[in-house]
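The following exercises treat a two-chain model, each with a worked solution. Please consult the sequence and the structure while working through the steps.

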Amino acid sequence: MIALLMGACTKDFNSENTNPYQISDASLKQDFNNVGSFYPAMMSQNNAGFYGDQISENLTYESFTRHMASASNFASNVNNCTYYITWNSYWGDIYGNVMPKSAQVLQIARPTYPVFTEWAELLRVMAISKLTAVYGPVIYSDFGSLSTTVHYDKESDIYNRLFAELDTINNVFSANTAYTGIQNFDQVYGGNIGQWIKFANSMRLRLAIRICEVNPTLAKTQGEKAIKDPGGLILTNADNCNIPLYGAILPLARICYQWTDTQMDAAQESFLIGLNDGRLPQFFAKCDPSISVADHPGFQYKGTRNALAPIDVPGGAFGKGVRSSKFSFVNASFNTATSRRYMTAAEVNFDLAEAALRGWAVTGSAKSYYEAGITQSFADWGASGLSSYLADNTSKPIDYKDPLVSPVNDFKSRSTITVAWNEGDTNELKLEKIITQKWIDCFTNTLESWCDMRRTGYPKVPVNYINDSALPYGVIAKGAFIQRMPFVQGQYTGNPAGVAEAATFLPGGDLIGSPLYFVPANAVNTGTGGTGDTNSSAGISWTNF
Amino acid sequence: MKKRLYLILVVLFASFSGVMAQVKVSGTITDPDGVSMPGVSVVQKGTTNGTTTDANGKYTISVSSASAVLQFSFVGMAPKSEVVNGQSVLNVRMAAESVGISEVVVTALGIQRERKTLTYASQQVSGDEMMKAKDPNFMNALSGKTAGLDIKESASGTGGSTRVVLRGAKSISGLSNPLIVIDGVPMVNNSQGGAGMWGGTDGGDGLSQVNPDDIESISILKGSNAAVLYGSQGANGVILIVTKKGKAGQTQVTFSTSTIFESVSNLPKLQFEYGSGGNGENSWSKTKGNYASNYVKNFFQVGDNLINSVTVSGGNDKTTAYFSYSNTTAQGITPNNDYGKNNVTFRSTTKLNDKLSISTNVMLTAEQSNNRPANGYYLNPLTGLYLFPRDLDFSSYKKNYQVFDKGRNMYLQNWFENNDKQSNPYWIINNEPKIDITKRAIASVTIDYDISKHLKFKARGNYDYAVKSYEERDLAGSDATNVGKNGAWSYRKYDDNLQYVDGLFTYDNKFGKFSVNAVAGGSYQQTTYGKGFSLGTGTNILLYPNEFNFQNLPSNVQVQSTLASREIKEGLFANAQIGYRDMIFLDLSGRNDWASTLALTGNDSYFYPAIGISAIISQMATLPDFISFAKVRGSHTTVGNEVPYNVVNPQNTISSGGGVNRNTQEPFTNLKPEMLTSNEVGTEWRFLQGRAGFDFTYYDIVSTNQFISLAAPSGLGNYTTYYVNAGKITNKGVELTIDAEPVKTSQFSWKTNVNYSFNRNKIVTLAQGFNDMRIDLGSGEGYTNYITAGGSFGDLYVLPFARNAAGQIILDPTKGTPTTVSEPVKKGNLEPKFSLGWNNNLEYKDFSLSFLINAKIGGQVFSHTEAMLDAYGVSQRTAQARDKGFMSINAIQGTTAVTQIDPATFYQTVGGRNGIMEPYIYDRTNIRLSQLALNYKINVQKLKLPLKSATFSLVGRNLFFFYKVAPYDPELVMSTGLGNQSLDNFNLPATRTYGFNLKISF
């Protein structure tokens, strides 16, 4: 009897054990928030959406591409930047946030809400296409499996699957261009399905260009499909895909201004000052007046070399020394940025320029797309001096001089390109110009530049001065560049058979020197190169013409 | 049934009257201070003939013969036996003691039992013992006084929280803390926030809110065997506090004042001879200089701690009342750190008639801590203080910790550089104020109804309510890694409350050779912790500088409603103790719990039993004369340990960006309670009329169905974390208490008492299929606290030197720096191997001297502070190495043996944040003079003072170490959670305290 009485008292237990300040699926049904409300959080930087933060982006590919660098010998000068893998968390950003949440959202959306369903699939395409460019094989088709071994996809399969997903996305979006259901939740395009179609086509083109060396047939098919799709491409800045920061500060601005952990890379100084680039003051703030800019007196900007030699000897625990606050920070306006670039009209135009070079069916010429790319980029970044820039056929990247500890960190520019298009140039040189301009435009959105660097060897940025690469992560030959990030430790303990199998998909196993699928076998800069800062020209042999 | 009961009673009374009244004895019973004691039990030995003293401490009893023996007993007092020997007046002065054999002790639910009947280990500490060296947190004064109770203070100054563990940690995700009970009712002991590697400040706990002056005695029920009636919350043992009551007949006013000083006893060994040589933040110059050295020592001040309290108690036959007021003010050892507390307690008991009485108890506390010291890297004044480059002028930074910035038209921090790990210490203590406020009321009412002489009913209700707030206001100009350019504001305000109701029947009777003590009842408890809101602006930019209010928040700061935990627990329980001829006692208990945290699982109702037996050998057999008492006991218990709140089916959260963050923890609807099976055996012996004895316990506790959170390997299912019920953790240990009174004369006595305990913790298995899995209980840089199958709680993993087979340290072939391996290696355990407490009390006339020596033997600790000091070149050893010019090393570079290495090369590789931490592991062993008190009982009669008694004492705590290797105090912890134990990262240094107490009774 008493037990029964007690049993009756347990009926409130569930509500007692539920946090009233969390929001239940039942509550979310109001205003149909039960599907859409999750999309902003999946994209949001606050929740580690598509982008990484300091250790997953700034100290990995944003440094590998020479967009940003640390002026100090932090962490005893042995860290990701010197090719000893200390932080490796981009994997966790994607699998901790975008993938499981989208899997649950897909369960809710499918099949009742086809546009939401494909929108979620598109978010996954955006996430996985970045993730595979960092690690190579990743978990995609087997995601959500409940078996003890979760299988990775081979990279070739990943690209096929991404293209197939983009097909479905395009079909559903094209059939629902008047659908308004996502308006309340879409802070990228305000619910404009037509713009999402343009974005999806541009994604297809980006991925086609990425694999154009290793699978030219598929690349051409997919690239042309994107180009001629009636939905169109992102060709003007009004259609750019910028992901809102949802109130968060741009991580790069925080890392720079609040933590003084990252500064302008010396390569940026070499290219932007050398080419007299109007985007320089939009990208960066002036350096401390105490820093010598005698090598380019008209430009009070100074970058620092990545993976630099030990300078503030004795380096010490934090090794920050006095350098960190003296080199150029990013432009202070990044502190109030409200969104991040994911895909710009400039990038699409540069892709089209490369497509033209490769003989894909395009309406314009390589020159027209190249110049349109620069034009869109200048407009997007609010830079001036476009016409003289486009016509400049004399300015070249400059050599770098470290103002504090010259000549240890000095380097000679490996690139000798100019900006002006010259139809008489070789395709190789034209490609170098296109990719170099794409690299400049990709500032704050640097992943595709890392793909380009590995794929084409451009732009010709300085190599590491210090190279601490070592087992178990693998050795990068002196003068060569890192090729990928290793799989994460959690996979070796939690999914050992899956990750062991994935390692066999990579030519050199799970090492940071293993080239990814999209890197052609004859790419010169994948294994060996020159030595130190005297490294001579890299670049690939131009075989696919 | 009822009729039959009456019949038995009538028969019993009749039999009494038949043998009554040959000799009449009367007298007055007094306490050690000479104050008369009401309520003392007086029993003729070997009979049931007994009485209690009246309001004036007087008794009258008729005994069967002139040679009868009278036994006097009272809670917290040593029982006393006196032979009547024909006297008609027998006055007795009781002695406060805690090692008696037939004393009455308080057990679970406040039930009083004779100590000898217990089937499990329990230990009592009297209020007087606790008050010998007053600490605002009474728990700290228990350290070393009982076997098996491990107490670690947080390194956070007065009012900080305390980690209390009985018989080792038993749960990975749940709590291992014992339940704290005041007068039978559970109290909230909810610690909020602790420091970690990167910083933070202890948030205090509920213990400091109890007025130590109100404590009459403390009983420690060490295992679940003793605490089974409290159900799941007693699974980790119980600390029972009995508070003081008014005594009938006499109005007594007591005033006590205590002044205690606190000073730093142990600073890191620093060097002040080598500066930075103008090279940034490190003091790695090789040129010797002569630099200011006293600024570190001068930063700390002598703290003080003033406690004044007054108690008034008294009453008549019907009503007794007790009132106390206590005021505590304290200054910490760091500037601007202070603490204040006011306690008011009112307790009264009224007998409405012969059968019914009502007691009420109200305890009110208001407590405020300002600038409680931080630990860890961030916003901690000690980092900048210790690491400051020696050749710069500290005094100018001290004087001008802020300078006027014309650009911003305001004062900003002045420090030699911007750095995330260090700020100007004086900026932090002046311009980053932290305020911690607690206001708490505990109110309870108890109704006792004596249904019959043998059957009694008690009902209790209790409401424990606390409002807490914490605020930190970091001014613009504070370290930019943590604080936005307009300042940072952290604010949280929340309520903790607990409602508790129980009702229980107790039945005591004797049937011939059998005695029965039985309890049956039910309880209902509802707790709500952390209900309120919180916000933290961090590096988000406030609209206007240095304005800390809601209006000034930027739109991207989320103010969060919080609810840390909310639970309902219901229980039905019964216990029966059956005694046979006062020599064998069988104890049977059972309890069924209903816990809301297991809602939806179908496992929210669970039952567990307990059985115990004790046999008093000295009653069963004739033992040699020198053995006065011998007992063996054993018990077996199973207790469920409930799971945390809101893990069965968590929902989604609204993110600061306005979207909804979908929950990624898998709903866990087949969750089961953790189960603790505990076996203990013990034996207790007294020798030489009770002047010596020992109490030995061996226990073996097995925890299963551990509630473990696992990170799903990427791609497995649609969740990132899930829970399993798995794992097996064992704790086996020994507790031994030996006490003796080697000297006992009318003028001089010496009582001594040794507490010894050890606990062996073992993680037998973790989750099935995850045998090589490691659960990270808290890691900092260069340090990890993993648990693995086969390991134990507190296993310490660090990166060691890479060595070749010959043991030589492998140096980097080009740089010549020591190298490490890729994975951290287990290098010790943070728990001591065993603990010893040696407590002594010497009395000579009106003087008494007591001292307590505490020893923790074995184990390892880890100091990140030292690693940092080395890397910066500010530790003394780096100076000594530079004096010498090299360091000896047994190393190999390539194929060349190396015997000497440059100190800078060595320490900058080995030390620092992520260096090779092997050299920073120290032996944990420490032996200290934990407590010293000299009391003088002022002879008030002789001095003709209008007082009842007066005592003056000189006291000291942690005065010095007899032995300590670690560069800091291992018993002073960074935080009181399961991880981060015995870790030092710029913790507040260890202190010694000394002062005096004066207690006067009117």
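Helices (H or I, at least four residues) and strands (E, at least two) are DSSP runs, numbered from the N terminus. The model is predicted.

**Exercise 1.** Determine how many helices and strands chain A has, and assess its radius of gyration against that of a compact globule.

Solution. Step 1: the assignment gives chain A 22 helices and four strands. Step 2: for 545 residues a compact globule would have a radius of gyration near 24 Å, and the 24 Å of chain A therefore agrees. Step 3: the C-alpha trace of chain A spans about 90 × 60 × 45 Å along its principal axes. Step 4: 63% of the residues of chain A count as buried, and among contacts with a separation of 6 or more, 75% come from residues 24 or more positions apart.

**Exercise 2.** Carry out the corresponding analysis for chain B: how many helices and strands are there?

Solution. Step 1: chain B contains eleven helices and 56 strands. Step 2: the globule rule gives 30 Å for 1002 residues, and the radius of gyration of chain B is close to this at 31 Å, so chain B is as compact as a globular protein of that length. Step 3: buried residues make up 59% of chain B. Step 4: chain B exposes about 37,600 Å², of which carbon and sulfur atoms supply 56%. Step 5: its side chains include 91 positive and 80 negative ones, with the centres of the two sets 6 Å apart.

**Exercise 3.** Characterise helix H16 of chain A: what is its span, and which elements do its buried residues pack against?

Solution. Step 1: H16(A) comprises residues 345-357, and its 13 residues reach 18 Å from first to last C-alpha, close to the 18 Å expected at 1.5 Å a residue. Step 2: twelve of these 13 residues are buried, so H16(A) is largely enclosed by the rest of the structure. Step 3: the buried set includes the acidic residues A:Glu347, A:Asp351 and A:Glu354. Step 4: the packing partners in chain A are helices H11, H12, H17, H19 and H20 together with strand E4. Step 5: just after H16(A), A:Gly359 takes a positive phi of about 85°.

**Exercise 4.** Examine H17(A) in the same manner: which elements cover its buried residues?

Solution. Step 1: the 16 residues of H17(A) should span 22 Å at 1.5 Å a residue, and the end C-alpha atoms are 22 Å apart, which agrees. Step 2: its buried residues include A:Tyr369, A:Tyr370, A:Phe378 and A:Trp381. Step 3: the cover includes H15, E4, H16, H18 and H19 of chain A. Step 4: A:Gly382 follows H17(A) and has a positive phi, near 70°.

**Exercise 5.** Locate the cis peptide bond between A:Arg110 and A:Pro111, then decide whether A:Tyr83 and B:Lys944 are buried or exposed.

Solution. Step 1: the bond from A:Arg110 to A:Pro111 has omega near 0°, and A:Pro111 sits in the loop between H8 and H9 of chain A. Step 2: A:Tyr83, although not a glycine, has a positive phi of about 70°; its loop joins E1 and H8 of chain A. Step 3: A:Tyr83 has 0% relative accessibility and therefore counts as buried. Step 4: B:Lys944, also not a glycine, has a positive phi of about 55° and lies between E52 and E53 of chain B. Step 5: at 74% relative accessibility, B:Lys944 counts as exposed.

Terms used:
Residues are numbered from 1 along each chain as its sequence is written. Chains are lettered from A and ligands numbered from 1 in the order in which they are written. Side-chain values use heavy atoms; hydrogens and water are left out. The expected span of a helix is 1.5 Å times one less than its number of residues. Buried means under 20% relative accessible area, exposed over 50%, partly exposed in between (1.4 Å probe, protein chains only). Contact means heavy atoms within 4.5 Å. The radius of gyration is taken over C-alpha atoms; the globule rule is 2.2 Å times the number of residues to the power 0.38. Accessible areas come from the Shrake-Rupley method with a 1.4 Å probe; for residues, only the protein chains shown count as cover. The place of a charge is taken as NZ of Lys, CZ of Arg, CG of Asp or CD of Glu.
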